[in-house]
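Trainee: I should like to request a close look at a single part of this structure. Please treat it at length and place it in its surroundings.

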Amino acid sequence: MKAIKKVVLALALLVSVNTFAQDRPIHEVYSMMMVNFVKYVQWPNQASGGEFVIGVVGNNEIYTTLNTWHGGKERSGKTYIIKKFNSAADLTACDVVYIDRSKSNDFEAISNKVKGKNTLIITDKAGLGEKGSAINFRTIDNKLKFELNQKAVEASNLKVSSALSSMAIVI
């Protein structure tokens, strides 16, 4: 009986996410997915308290949505701080960095800047997953999916739950 309940719950969640995605602009879908990714990633310094910083490079709509929905709010004992950066040179310490497709030329500079830090890099351009982005959005057959680069995750000293891995295109 428990197995049936889990299947029904999983199907309900899948339907609700697909419905949400169909009715929302892409920047809202990306914002929702990024915050959901955080739930499935473990940082080495994940003790409660303090700030959890999400940096956005190059997309005002995603920044505004994340800031409106999550900025200053507490989750798992941490206060979400959303920061907007125009380039790699502006980047300061973040737990998550989203690099918009319009700023994908800055990927290597940003990647080098956060190297050795516990930063999850999320991108939105074909090929960046293979180059070292931990999570990369992809549209395949008109459906939004994401790639997961396990080596990039491990290089950042992060751990991803098997639940997230099972939903990803693992590269």
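Which strands does helix 3 lie across, and at about what angle does helix 3 run to strand 4?

Mentor: The model is a predicted one. In it, helix 3 lies across strand 2, strand 3, strand 4 and strand 5, and its direction is at about 160° to that of strand 4.

The helix itself comes first. Helix 3 spans residues 60–70, and its buried residues are Ile62, Thr65, Leu66 and His70. These line one face of the helix, because they fall within an arc of 95° when helix 3 is viewed down its axis. The general background is that an α-helix has 3.6 residues a turn, so residues three or four places apart point the same way. On the other side of helix 3, Asn60 and Thr68 are exposed. The buried residues pack against strand 2 (51–57), strand 3 (74–75), strand 4 (78–85) and strand 5 (96–99), and also against helix 2 (26–39).

Both ends of the helix deserve a remark. At the start of helix 3, the backbone nitrogen of Glu61 has a side-chain oxygen of Asn59 within 3.0 Å. After helix 3 comes Gly72, with a positive phi near 80°.

The strands beneath belong to a wider arrangement. An open sheet of 8 strands, with mixed pairing, has the order 3-4-2-5-6-7-8-10. Its edge strands are strand 3 and strand 10 (169–170), each of which pairs on one side only. Strand 3 runs antiparallel to strand 4, and 2 bridges join them; Glu74 has Thr79 of strand 4 as its bridge partner. Helix 2, against which helix 3 packs, lies across strand 2, strand 3, strand 4, strand 5, strand 6, strand 7 and strand 8, and runs at about 35° to strand 8.

Further along the sheet, strand 6 (residues 120–123) contains Thr123. This residue is buried, with a relative accessible area of 0%. Its side chain makes a polar contact with the side chain of Ser133, at 2.8 Å. Neighbours within four places in sequence aside, the contacts of Thr123 include Tyr98, Ile99, Phe107 and Leu128. Strand 6 and strand 7 (residues 135–140) run parallel and are joined by 2 bridges, with Asn136 in strand 7 as the bridge partner of Thr123. Strand 7 in turn pairs with strand 8 (residues 143–148) in the antiparallel sense over 6 bridges, and Thr139 stands opposite Leu144 in strand 8. These two strands form a hairpin with 2 residues between them, and Asp141 in the turn has a positive phi of about 55°.

The nonpolar interior completes the picture. The largest nonpolar core has 32 residues, of which Leu120, Ile122 and Phe137 touch the most other members. Helix 2 supplies the largest share of this core, 8 residues. Ile122, again leaving aside neighbours within four places in sequence, is in contact with residues including Met34, Phe37, Val96 and Phe137. A second, separate core of 13 residues includes Val53, Val57, Ile121 and Leu128.

To return to the part requested: helix 3 lies across four named strands, strand 2, strand 3, strand 4 and strand 5, and Asn60 and Thr68 are exposed on the side away from its buried residues.

Terms used
Residues are numbered from 1 along each chain as its sequence is written. This is a predicted model: local features need pLDDT of at least 70, side-chain atom pairs count only at pLDDT 80 or more; totals for chains, interfaces and linings use all residues. Side-chain values use heavy atoms; hydrogens and water are left out. Buried means under 20% relative accessible area, exposed over 50%, partly exposed in between (1.4 Å probe, protein chains only). The arc is that of the directions from the helix axis to the C-beta atoms. Contact means heavy atoms within 4.5 Å. A polar contact is a pair of N or O atoms within 3.5 Å; within protein, one must be able to donate a hydrogen and the other to accept it, and residues adjacent in sequence count only if both atoms are side-chain atoms. Two strands pair if DSSP finds at least two bridges between them. Axes are lines fitted to C-alpha atoms, for helices over the stretch in contact, and angles run from 0 to 180 degrees between N-to-C directions. A nonpolar core is a set of buried Ala, Val, Leu, Ile, Met, Phe, Trp, Tyr and Cys residues joined through side-chain atoms within 4.5 Å.
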